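Reader: I would like a close look at a single part of this model, chosen so that I can see how it is covered by its surroundings. Please take it slowly, and set that part beside other places where the cover is different in kind.

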Amino acid sequence: MKKNKQTHPPLFYAILALLLLILPAVLVDGGRVWAQEEAPDAATATGSPMHPDFPLLDAAGEHVLAGDRAVSTMTTCGGCHDTTFIASHSFHADVGLSDFGAPGSAGDGLPWDSSPGLFGKWDPLTYRYLSPEGDGRVDLSTPEWIQLFGARHVGGGPAVYSRGGQRLEELAPVTDSPETQYVDPDTGALGPWDWEASGTVEMNCFLCHTGQPNNEARRAALESGDFSWAATATLAGSGLVEAVDGEWRWNAAAFDAQGNVVAGHVEIQDATSANCGACHGLVETVGQEPLTADDLQSADAWRTRTTGQLYSPERLLNSTLNLQDKASLSRPWDIHAERALNCTDCHYSLNNPVYFQQPDAGEPEHLLFDPRRLALGDYVYRPLHEFAKGQSAQGTLAPELDNSLRRCESCHDVEAAHDWLPYRERHTAALSCETCHTPVLYAPAQASVDWTVLGSDGNPMESWRGMASDGVITGYEPALLARENGDGSTSLAPYNLIASWYWVYGEPARPVPLRDLRTAWLEDGAYAPEILDGFDVNGDGGLDEDELRIDTAAREAVVAGRLEGLGLEQPRIRGSVQPYSINHNVATGEWATKECRDCHGPASRVTRPTRLAGYAPGGVTPTLLGDASTQLHGELQVRQDGALYYQPQTAVEEASGLAPLYILGHDSVDMVDWAGLLIFVATVAGASAHAGLRYFAARRHRPQEEALRTVYMYGIYERLWHWLQTVVIFGLLFTGLIIHKPDRFGIFAFRYVVEAHNVLAAILLANAALSAFYHLASGEIQQFLPRPRGFFDRAFAQAKFYVQGIFRGERHPFAKTQQRKLNPLQQVTYFGLLNVLLPLQALTGILMWGAQRWPELTSSLGGLPFLAPLHTLVAWLLAAFIVMHVYLTTTGHTPAGNIRAMITGWDEVESVPQPGEVEGIS
Amino acid sequence: MKAFKYTAVLGLLATILLAGFLLAAFVSDDPAPPEDAWAYIAPTAAPTDHSALLSGPFESGPAVTAACLDCHEEAGQEMLRSVHFTWESDPVMLPGRDAPVTIGKKNQLNNYCIGAAGNWKRCATCHAGYDWNSTDYDFSNPENVDCLVCHADTGAYGKGEYGNPAEGVELAAAAQSVGRPTRANCGSCHFNGGGGNAVKHGDLDGSLTFPAADVDVHMGGLDFQCVDCHRTEDHQIGGHMISVSATDENEIACTDCHDSAVHDDARLNSHVDTVACQTCHIPQGAVREATKMTWDWSTAGQDLPEDTHTYLKIKGSFVYEDNFVPTYAWFNGNADRYILGDTITPGETTYINRPLGSIDDQAARIWPFKVHEAIQPYDAGYNYLLVPNTAGPGGYWTEFDWHQAFESNQENSGLAYSGAYGFAPTVMYWTLSHMVAPKEQALQCNDCHGEGTRLDWQALGYHGDPMEWGGRSRTVSGGAEE
């Protein structure tokens with residue numbers, strides 16, 4: 001782009017110096033100037049109190065009245081501000097011009113994209129394609145692009161400069177260049193465009209910096225090709241200028257003797273949300289005309305139409321829109337709008353010293369605030385018109401500025417507001433704020449657009465979500481996709497998915513120009529007979545929505561044939577899925593998703609499918625656009641009804657390389673549950689069978705009467721830790737079961753159960769550690785150590801007792817004593833339990849809990865998708881152990897004897913006293 | 001053995017208790033169950049069925065009162081001290097005056113029907129007494145008190161001229177129906193102030209007899225009666241109204257029941273020292289029935305098309321409004337008051353009353369008001385507002401003669417008439433405290449801040465929107481404290 005070197009006359013410097021003296025003292029935009037005795041008028045929506053009177057100048061710097069010339073913002077505003085700097089430092093003006101290149105060079109977008117911005121990036125929703133140099137078939141030339149896309153372009157950039165950086169007026173009229181040609185909309189014939197006559201569209205300061213810019217008139221001027229008058233038209237209705245017989249006439253009475261605009265005609269102000277809304281989406285302000293559903297679906301309301309976002313402070317229940325269950329919706333459309341924030345509070349000018357943020361890198365650690373920043377006067381002279389931005393999926397422009405705005409967490413303290421949330425760090429790492437705080441969009445959003453067929457009005461078939469067929473706005477839950485954040489992390493964030501299908505032709509591929517598509521479908525405003533033959537199923541001579549679909553090869557061939565007939569080679573259907581980021585329409589916690597089971601249950605919010613379209617034209621499964629900084633975490637499925645769905649998936653490894661999600665309570669590995677259940681049931685069955693056999697055996701073989709005596713078997717601490725562990729383990733099994741299958745235990749509050757599980761686990765660990773210390777310190781640990789020598793003999797003897805001797809009323813092969821409480825089988829079982837199962841369970845549990853604190857460690861050890869099923873399996877084994885353990889306690893002299901011993905400490909044992917035993921007094 | 005068993009059980013219990021306690025500590029984190037609003041309301045005794053006690057027949061209102069006083073011995077003397085009967089306050093000092101004055105419907109004027117003096121035939125219909133027909137009325141006779149207007153079923157009792165029972169009222173039946181005053185009892189006068197339903201207050205009208213929850217959360221959503229908040233002991237009824245009470249005594253406050261830090265958001269709680277609850281929670285006045293916003297007496301007496309809401313020959317022309325946006329002003333509970341005989345500047349607006357307080361007054365908060373503007377008669381010779389005889393014999397409403405209306409009322413009102421009159425603009429403030437909207441309809445940040453237009457910050461004394469310029473501690477000179 002050509003950068004003009006501007007030279008300033010001495011008078012200019014004098015004015016500038018004066019301004020610089022005055023401005024810094026009092027210029028206020030959010031400036032906190034408390035202590036003034038005489039406060040200036042507060043800046044209000046209607047005009048900055050500081051802005052001086054100014055004349056309107058034409059491009060040559062002459063007063064507009066002098067020759068009834070179009071106003072030039074560059075010279076008018078350039079009297080004080082460095083407009084050359086502003087226009088050349090604004091991605092709003094540039095919209096991709098400076099990155100314009102050959103098709104396919106722009107990145108991961110579509111192969112025919114020429115730039116990452118509005119000027120050169122093809123969008124299936126707007127369809128029209130800005131033709132690159134050398135294309136045989138021109139869809140849009142540069143002047144036509146201004147006519148069409150200028151409605152949502154502030155001017156400057158490609159509306160002033162050519163792709164090569166020349167001023168458009170200075171371009172040599174090359175006959176085959178899309179920059180100097182114009183396609184006759186009726187005939188399709190190329191003709192020259194007279195840039196001298198049309199002029200160019202300067203960056204339009206009035207559009208964003210006046211209270212009532214006349215956007216209608218501006219757009220009309222653009223559409224009619226009066227490019228240089230677009231800025232003038234923006235002032236229509238202010239009393240400064242009016243259209244007389246199609247010519248703009250300045251009103252001399254609106255200017256004073258010095259040529260300055262008389263106050264009251266146009267107030268210069270900071271850009272308000274309403275200014276931004278003119279191009280970006282619906283913004284509702286106090287006292288505005290009530291909205292209708294048509295407003296929401298208008299192509300002008302870009303963000304609203306594509307996502308359902310609407311920036312308004314109004315409570316939904318006060319809305320005039322036909323919202324379902326409106327009376328219950330007391331939340332405002334957007335909490336930040338309600339809290340009186342403007343777009344520019346987050347999307348500020350990046351050199352505005354009020355908002356200026358130090359870049360994170362390169363700051364000494366000891367420095368919290370660096371007061372050295374731009375003086376207000378310098379800022380006013382050269383306000384950077386690069387605005388802080390996030391990183392929305394379709395916003396591929398100016399990637400170097402991605403995430404320059406304050407994020408949610410730069411203003412909000414997440415910890416302070418989420419102390420109720422278990423697993424907080426895990427949640428905040430896995431989810432973006434919007435995922436929970438923008439749970440529902442209460443406006444229709446586009447779901448699909450099908451350009452493979454055309455309605456009789458020449459427009460594509462569209463479908464919407466969030467609105468019932470009777471016009472009631474039901475709202476919709478956005479799809480949750482993994483967003484690749486600026487810091488390299490990924491987190492789930494809400495998106496609207498828009499599927500689109502369209503014809504492309506040739507090699508390299510280009511979208512079929514709308515003109516050709518319409519010619520293929522329509523003849524003299526009606527469907528071509530060939531088309532009717534192929535599509536008119538009911539033979540009524542017209543095509544309704546059910547007929548307008550390419551669902552057979554024959555139908556595809558009909559259209560393809562017609563396109564080929566127009567000289568388009570290899571016409572074929574392609575499909576795209578565009579994710580549209582949702583970052584606004586934020587709700588307070590009261591309205592946020594916070595019921596655990598919304599996600600941690602079988603019908604998890606995270607895996608809810610999104611219906612993309614009623615069918616896939618031509619059987620083409622659309623692909624996600626490659627430059628969307630997000631990926632699909634699942635698959636596109638055509639269901640039985642023929643509709644195309646996006647089905648997110650969790651807990652599965654994906655080729656995408658995204659870390660698989662494992663959601664407690666939603667995900668489980670069925671095999672683990674079945675295996676665990678089998679082991680558990682087998683244990684119960686085995687114990688029952690054994691018990692039954694014992695029962696019948698006991699009736700045949702009266703046990704031998706033994707001389708029993710009572711000894712003090714279990715000390716008080718042994719009993720205490722045993723029973724504490726009992727309670728805790730039962731608690732853990734129970735709470736674990738609830739967390740595992742929350743849908744089966746609806747009466748329990750998931751989040752308390754999670755907390756309880758964690759607390760119980762902590763008690764278990766503490767208890768285990770204390771008892772380990774006790775056993776080590778007292779030497780009791782020996783009880784648990786199987787002795788290697790002759791172990792197998794002894795184990796075999798014990799096993800033989802359980803399968804044989806016990807039924808014959810034989811004595812236990814190993815007498816139970818205080819020194820030797822455990823038989824060899826018990827020893828090996830406990831050895832395994834204490835050295836394998838419990839540590840494994842503790843470790844997996846700690847790692848699962850630690851997924852929020854040391855996510856790298858957890859993921860390096862398999863992550864939740866591995867750890868969680870393992871934890872579940874071990875839990876089943878532990879449960880089975882308990883059954884066996886309890887059953888075996890009944891194999892003493894009396895079934896309840898061992899249990900009583902563990903309660904009272906006193907046990908009845910056989911034979912003679914062992915040395916050192918304490919004898920009972922009973 | 002016994003001793004050991006005991007230890008073991010104790011150990012087990014302790015273990016279970018420990019685990020249980022830890023569990024409970026996490027589970028009992030739940031917020032307390034919603035509080036019952038009625039818990040704040042003093043319980044009332046079950047009503048006594050008076051049908052057997054007051055068999056009648058009664059010849060007159062005072063006869064009923066005498067019967068009441070047979071049992072309720074103190075009630076008569078209590079009522080003689082009640083402003084509902086005296087229509088006059090205790091003497092108060094007003095700013096800029098040397099001597100205390102009394103204020104009441106008895107001796108002052110407003111800018112609706114102007115003054116009761118001489119017009120008892122109609123005005124006394126809402127006096128809690130019988131047969132007030134002259135300046136000589138006996139305010140010391142307890143039998144002049146009308147018990148029934150507050151205590152009888154409004155379906156069985158009503159008042160007519162001079163405050164006497166309406167034609168056809170069966171006094172025995174009315175007496176037998178007595179009980180605790182209902183919204184209908186209070187509303188029979190307070191909903192109809194200014195001569196008809198919804199005319200006067202802007203926050204009190206017939207829609208409150210059986211209100212929907214969105215009209216008033218307390219009376220609608222919770223079925224509160226007036227006296228649930230206007231707590232009454234010994235017939236001294238709580239509450240006051242800026243139109244007749246110039247001081248902040250006997251106030252009823254939202255915080256009598258509600259915690260002032262009731263909001264979840266600390267920023268909202270930080271408003272309560274500066275903004276009255278009513279300001280946000282009564283976003284509109286007159287949510288159902290339109291209320292009178294202006295009254296121009298100067299156009300009375302003409303034979304123009306009549307309509308209750310636009311023009312009446314006897315009263316002049318009016319503008320009614322429903323769902324009006326209140327006027328906001330600083331108010332510390334005290335008010336200035338035009339006192340009968342005060343001179344006015346006829347070309348300028350005279351404030352019949354005016355809320356006191358300013359941004360510098362720490363006791364003042366921003367309140368919502370209905371502001372009623374009128375053009376009403378004054379004496380062009382003496383330059384004070386006049387109280388015409390309207391409803392009395394020979395009054396304006398029958399004769400349409402202003403001279404006669406002023407002349408004939410000189411004794412009743414105590415205002416000499418010079419023989420020349422004119423019409424002067426006046427303004428009267430009415431606090432809005434009823435028709436509290438459900439919280440979902442309360443004002444939001446943006447209604448006042450940012451682009452919001454509800455509050456004129458500079459008129460209130462701020463440098464600008466306090467969201468950006470700082471609150472009043474920043475604005476008030478010398479008020480450095482936060």
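Author: A residue is called buried here when its relative accessible area is under 20%, exposed when that area is over 50%, and partly exposed in between. By that rule, 49% of the 922 residues of chain A in this predicted model count as buried. Chain A is built from 32 helices and 19 strands, and among its contacts with a separation of 6 or more, 67% are between residues 24 or more positions apart. The area that chain A exposes comes to about 42700 Å², of which carbon and sulfur atoms supply 58%.

The part I would single out is helix α6 of chain A, which runs over residues 142–149 and is mostly covered, since seven of its eight residues are buried. Those buried residues are T142(A), P143(A), E144(A), W145(A), I146(A), Q147(A) and F149(A). An α-helix has 3.6 residues a turn, so residues three or four places apart point the same way. What lies over the buried residues of α6(A) includes strand β1 (181–183), helix α7 (195–198) and helix α9 (215–223), each of them in chain A.

A single buried residue elsewhere in chain A can be set beside this helix. Q725(A) sits in helix α26, residues 716–740, and its relative accessible area of 7% makes it buried, because the limit for that word is under 20%. Leaving aside residues up to four places away in sequence, Q725(A) touches L764(A), N767(A) and A768(A).

The surface offers the contrast you asked for. In chain A, L765(A), I846(A), W854(A), L857(A) and L861(A) make a nonpolar patch of about 410 Å². Of these, I846(A) belongs to helix α29, residues 824–849, and it is partly exposed because its relative accessible area is 35%, which falls between the 20% and 50% limits. In chain B, a negative patch is formed by D70(B), E73(B), E74(B), E233(B) and D234(B). D70(B) is part of helix α2 of chain B, residues 61–71, and with 59% relative accessibility it counts as exposed, because that value is over 50%.

To return to the part in question, α6(A) is the mostly covered helix, with β1, α7 and α9 of chain A included in its cover, whereas D70(B) is exposed and I846(A) is partly exposed.

Terms used
Residues are numbered from 1 along each chain as its sequence is written. Chains are lettered from A and ligands numbered from 1 in the order in which they are written. This is a predicted model: local features need pLDDT of at least 70, side-chain atom pairs count only at pLDDT 80 or more; totals for chains, interfaces and linings use all residues. Side-chain values use heavy atoms; hydrogens and water are left out. Patches are made of residues with over 30% relative accessible area and no salt bridge: like charges are joined within 9 Å, nonpolar side chains (Val, Leu, Ile, Met, Phe, Trp, Tyr) within 5 Å. Accessible areas come from the Shrake-Rupley method with a 1.4 Å probe; for residues, only the protein chains shown count as cover. A salt bridge is a side-chain nitrogen of Lys or Arg within 4 Å of a carboxyl oxygen of Asp or Glu. Lys and Arg count as positive and Asp and Glu as negative; His and the chain ends are not counted. The place of a charge is taken as NZ of Lys, CZ of Arg, CG of Asp or CD of Glu. Helices (H or I, at least four residues) and strands (E, at least two) are DSSP runs, numbered from the N terminus. Buried means under 20% relative accessible area, exposed over 50%, partly exposed in between (1.4 Å probe, protein chains only). Contact means heavy atoms within 4.5 Å.
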